[in-house]
Amino acid sequence: MNETLRTFGLLNSTKVKVTYAETLLQKLNDMITAFESKGSSSSLKASELIYSFLLHLQNDCLLSERKTRHEHHAQLQPAIDYIEGSYASVVTLDAIAHSLNVTPQYTCLLFQQAFGLRPIEYVTRVRIQKAKELLIKHSQMSVSEVAAFVGYENVSYFIKQFKKYEKLTPKAFRKLYLSS
């Protein structure tokens, strides 16, 4: 079933704007009638109607109103502001969704469409960027102080995340940029 929904571009939950509601309702009624019938070809007919229904959703509904990345970014501005103001503390998907007044699932969809990232991955990137700034501007701060300042309680996890994104440890990063 997931493969079928993926084929039609309908795997993820999203808002839809129905362009031909009467046609959609008729297709739903036809499907219900086919499921309720007892004939030998009823399951084949039901399958055909489901396929037709999915084609209708794909072709006649405007999925997520096909916004541009810029429009998604603008819609995400409250979440971006929240993350920028809260990265040093615990940031959860629920809190990000709350800042947008949408569900966590829809928040994930918006971030994916705007940035190609999950929301928590976006938070991590913000934290790493802030850490890089601190490592360069405040050479007297220890790596553990930088980690705590950008929201990591565990310095080892911070180093692991930093290395994952920057391909260097925080100390190596600092040394590279301060020696230039």
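In this predicted model, ring pairs join Tyr152, Tyr157, Phe158, Phe162, Phe173 and Tyr177 into a cluster. The structure contains 8 aromatic pairs. Among them is the pair of tyrosine 152 and tyrosine 157, whose ring centres are 5.9 Å apart; their planes stand at 55 degrees, and the pair is therefore tilted. Tyrosine 152 has a relative accessible area of 5% and is therefore buried, whereas tyrosine 157, at 41% relative accessibility, counts as partly exposed.

Phe173, a member of this cluster, also belongs to helix α11, which spans residues 170-178 and in which Pro170, Phe173 and Arg174 are buried. These residues lie on the same side of α11 because they cover an arc of only 95 degrees around its axis. In general, an α-helix has 3.6 residues a turn, so residues three or four places apart point the same way. Lys171 and Lys175, on the other side of α11, are exposed. The buried residues of α11 pack against three helices, α8 (119-137), α9 (143-149) and α10 (155-166).

A further helix contact involves α6 (residues 93-100) and α7 (residues 104-115), whose axes come within 9 Å and cross at roughly 80 degrees. Because angles of 65 to 115 degrees count as roughly perpendicular, α6 is roughly perpendicular to α7. By class, the contact of α6 with α7 comprises 8 nonpolar, 1 polar and 1 charged residues. On the α6 side, the participants are Leu93, Asp94, Ile96, Ala97 and Leu100, which meet Pro104, Thr107, Cys108, Leu110 and Phe111 of α7. The charged residue is Asp94 and the polar residue is Thr107.

Notes. Residues are numbered from 1 along each chain as its sequence is written. This is a predicted model: local features need pLDDT of at least 70, side-chain atom pairs count only at pLDDT 80 or more; totals for chains, interfaces and linings use all residues. Side-chain values use heavy atoms; hydrogens and water are left out. Buried means under 20% relative accessible area, exposed over 50%, partly exposed in between (1.4 Å probe, protein chains only). Helices (H or I, at least four residues) and strands (E, at least two) are DSSP runs, numbered from the N terminus. The arc is that of the directions from the helix axis to the C-beta atoms. Contact means heavy atoms within 4.5 Å. Axes are lines fitted to C-alpha atoms, for helices over the stretch in contact, and angles run from 0 to 180 degrees between N-to-C directions. Angles under 35 degrees count as roughly parallel, over 145 as roughly antiparallel, 65 to 115 as roughly perpendicular and the rest as oblique. Rings of Phe, Tyr and Trp (its six-membered ring) pair if their centres lie within 6.5 Å; planes under 30 degrees apart count as stacked, over 60 as edge-to-face and the rest as tilted.
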